[in-house]
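Please look through the sequence and the structure shown here before reading on, and keep both in view as you follow the explanation.

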Amino acid sequence: MYVCLCKGVSDKAIRRSVQEGARSWREVQRETGCGTQCGKCACMGKGITREAIQEELSMAQQGLAYAV
């Protein structure tokens with residue numbers, strides 16, 4: 001789904017940005033351009049970013065639990 005029509009940013013692009021290491025909305029904005037034009041998508045973009053970061057951190061913790 002497109003989140004930012006102005007810059008053509010999808011939710012997948014936001015999640016990919018987080019998977020590649022972005023750990024804040026500001027970093028996602030810098031990498032994708034989401035929320036930098038008119039700003040109407042910022043609230044949704046922040047929410048998706050927050051979810052994606054939580055998922056990444058959860059996966060990292062699960063991975064550590066099994067590393068021996």
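**The core and helix H3**

The largest nonpolar core (a set of buried Ala, Val, Leu, Ile, Met, Phe, Trp, Tyr and Cys residues joined through side-chain atoms within 4.5 Å) has 15 residues, and those with the most contacts inside it are Val3, Val9, Ile14, Val28 and Cys34. At least two residues of this core are supplied by each of strand E1 (2-4), helix H1 (11-19), helix H2 (25-32) and H3, where helices (H or I, at least four residues) and strands (E, at least two) are DSSP runs, numbered from the N terminus. The largest share of this core, 4 residues, comes from H3.

This is a predicted model, in which local features need pLDDT of at least 70 and side-chain atom pairs count only at pLDDT 80 or more, while totals for chains, interfaces and linings use all residues. Residues are numbered from 1 along each chain as its sequence is written, and side-chain values use heavy atoms, with hydrogens and water left out.

Thr49 is found in helix H3, and Thr49 counts as buried because its relative accessible area is 2%; buried means under 20% relative accessible area, exposed over 50%, and partly exposed in between (1.4 Å probe, protein chains only). Leaving aside its neighbours within four places in sequence, Thr49 is in contact (heavy atoms within 4.5 Å) with Ile14, Val18, Ser24, Trp25 and Val28. Val28, with its neighbours within four places in sequence likewise left aside, is in contact with Ile14, Ser17, Val18, Ala22, Gly33 and Thr49.

Glu51 also lies in helix H3 (residues 42-66), but Glu51 is partly exposed because its relative accessible area is 41%. Although Glu51 and Val18 are 33 residues apart in sequence, they are 9.9 Å apart in space, C-alpha to C-alpha.
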